[in-house]
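This report concerns the contacts between two chains, the confidence of the prediction and the burial of one helix.

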Amino acid sequence: MRVLIVEDDALLGDGLREGLQQHGFTADWIEDGDGALHALLCERFDLAIIDIGLPRRSGISVLNAVRNAGRETPILMLTARDAVDDKINCLDAGADDYLVKPVDIDELAARLRALARRHAGQRNATLRHADLELDPAAHRVTVDGMSVELSRREFSILHALLHAVGTVLSRDHLEQSLYGWNEEIESNAVQVHVHNLRRKLGDNLIETVRGVGYVIRKQSEDIAK
Amino acid sequence: MSIWGLIVLSTYRGALNEIRQLFDTQLQQSARVAARTLLGLPDKLIRDTKTGDQSDVDPTDDPQSRYEKNLVVQVWDADGQLFLHSESAPLTPLSGNDDGFSDQMIEGDAWRTYSFKDAAHGLTVKVGEPYDARNYLTEHVVLQTLYPIVLGLPVLAVLIWFAVGRGLRPLRRVAREVSRRDPENLDTIDVNNIPAEVQPLIAELNGLLQRLSHAIDRERQFTADAAHELRTPLAGLKVQAQVALGAGARSGKDKAIEKVLSGVDRASHLVDQLLTLSRLDQATPTGKAAASVAAIAETVANDVRYFARQRDIDVNTITRDSGAVCGYSDAIYIMLRNLVDNAVRYAPAGSVVSLDVSQRADTVNVAIKDQGTGIPLTSRQRVFERFYRGTNQQDGSGLGLSIVQRIAELHDARVEFVDASDGFVVNVIFSASRRSTVYEVASTDHRVRERIWPRGFGDVAVKGHTPPVNN
């Protein structure tokens, strides 16, 4: 899951990025609204956290611009103001959730996961496919109840593919969801990780679609509700 | 009541006096008329009358009939013989003196007599009036006068009571309304139906209520703003602490905990600024003393120099004069410190920040100059607002310039922004103290400085800077 953090306070922004990384997200942090808008429209983010009180361009303004551009990216707003009117304004403007500072990073992570699930039309947190189960919160993958060791990157790719089950994800897409701005993308990284996943989970799970990308096909009895 | 009583008394006595005089005058005139009449008669007739009957003098007749024949006349000749008298006159002289008025007791009754001598004929004419009749008439008249007054009192009292009550009712309504108010309610008082005499009072009261209401609103707003401002530093602290807990590697933990510490310093600084601002809000312009702006500027420069150096910024002072002003040294220190901190924060690395203290005719000027871009023109009005942050400020509390402005107000000083060719200047212009040149150099208590600017503050001004190990 790639999340963009838009927060002008250095301590908080840095802390959110580190904290969410610890929770398995790929997190990027930007300090101003204009840059955030640009990033959200031009790059692929699965989620965004936007602070309302930004200098120059307010958080609500960024939210409006993103929605007006037709982007459905789930957005959670952060604010220091807890008045009901402020909450209503945010939610009516198109935010998907709202948290008042100070926030608990664990709660924030859980809410982000819930937003992502809702966005994909899923109710159940745990992703299931045949005898494979992936628990995003616990970072665990089990096959037939037996735990499988996956690296962080492998977990991310499997999560992305399961989350978008039935949809072909391009290599580009997978790269973007793995790597933030501060990280270098190793060439062929995605290929290597998919190869490892096939080795650990079986060849039939992930299908290669030539020239397009990778996909995990839907199983009729295992469509996540 | 007593005033009314006095009025009644004086009316009574006044009336008595008037009537007495009336009677006396009448008596007097009667005497003269009698004399002239009698003396105008031929002698024979007069003497004859003298030997005539002497009816009983019965002064105890009822006053009413007495009133009808209340005048008695005696005419005495030069030898002291009663020579002529009226029917009811006694035979003894009516009065002892032969000239003027007197009061006599004759056979148990009080009489008022008047005598005068007719020198031409050698006769003394005496006339007299019994007091009984007089008194009766007097009282009668006087009482008649008094009846309305006496009856009037209760009626008047009742009327006054009503009128005053009516007039006071609006005041009582106001008093009730005010007493029903709880301390939260500062709405103005309704000014309809209030007598004109009290309107100025109520108008002033309403003015006061409005000012109070605004002041309380400002206080509340400030408190709310401050609380919100503190939420962000606290949020940062919490998240960094959680990051520290969740970090696998020791280095990650250490980094996060260091950030927590610097965040605490920043939050403390914000709290101190808030307290300062709150104290300044309550400050009154008493208790000022002589202060040397130059000395204070030197102190500020010394305190800031260490932290500035970590950004490779030099802080210089140029003090041509001592710059004596009348004010609070602590407050002036805070003001200059805030301005210099801003200068250091926004100056480019490797540049110079200078404090220039100079004195002209009747002003003391402190110019704080940095080589940065300064405050954009559009923001210059708003920068003094509380919690206002410019586009670059993220480490500040947003309160520095509000504090500067408040302190400037307390000292009747002006703050001006000036663009220089190579930077930005903030001028603070005090009016020079008119005291004698002998003054104490008031330098700031170091405890004050320590409390307001804890060691860590300077670190926060620099993003990504590692704090020094030894301080």
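Two residues are in contact if their C-beta atoms, placed from the backbone, lie within 7 Å. By that criterion, 20 residues of chain B are in contact with 19 residues of chain A. α5 (199-246) and α6 (250-282) of chain B are the elements that give two or more residues to this side of chain B, and α5(B) gives the most, with 13 residues. Helices (H or I, at least four residues) and strands (E, at least two) are DSSP runs, numbered from the N terminus.

This is a predicted model, in which local features need pLDDT of at least 70 and side-chain atom pairs count only at pLDDT 80 or more, while totals for chains, interfaces and linings use all residues. Residues are numbered from 1 along each chain as its sequence is written, with chains lettered from A and ligands numbered from 1 in the order in which they are written. The model scores ipTM 0.75 and pTM 0.57.

The pLDDT, the predictor's confidence in each residue from 0 to 100, averages 76 in chain B, where 81% of the residues score at least 70. Two stretches of chain B have pLDDT below 50:

| Stretch of chain B | Contacts beyond near neighbours in sequence |
|---|---|
| residues 435-444 | 22 contacts |
| residues 450-471 | 32 contacts |

Where pLDDT is low, the predicted coordinates should not be read in detail.

In helix α2 (residues 33-42) of chain A, Gly33(A), Ala36(A), Leu37(A) and Leu40(A) are buried, that is, 20 or more other C-beta atoms lie within 10 Å of their own (exposed: 12 or fewer; partly exposed: in between). The buried residues fall within an arc of 100° seen down the axis of α2(A), so they line one face of the helix. The exposed residues His38(A) and Cys42(A) are on the face turned away from the buried side of α2(A).

Conventions. The arc is that of the directions from the helix axis to the C-beta atoms.
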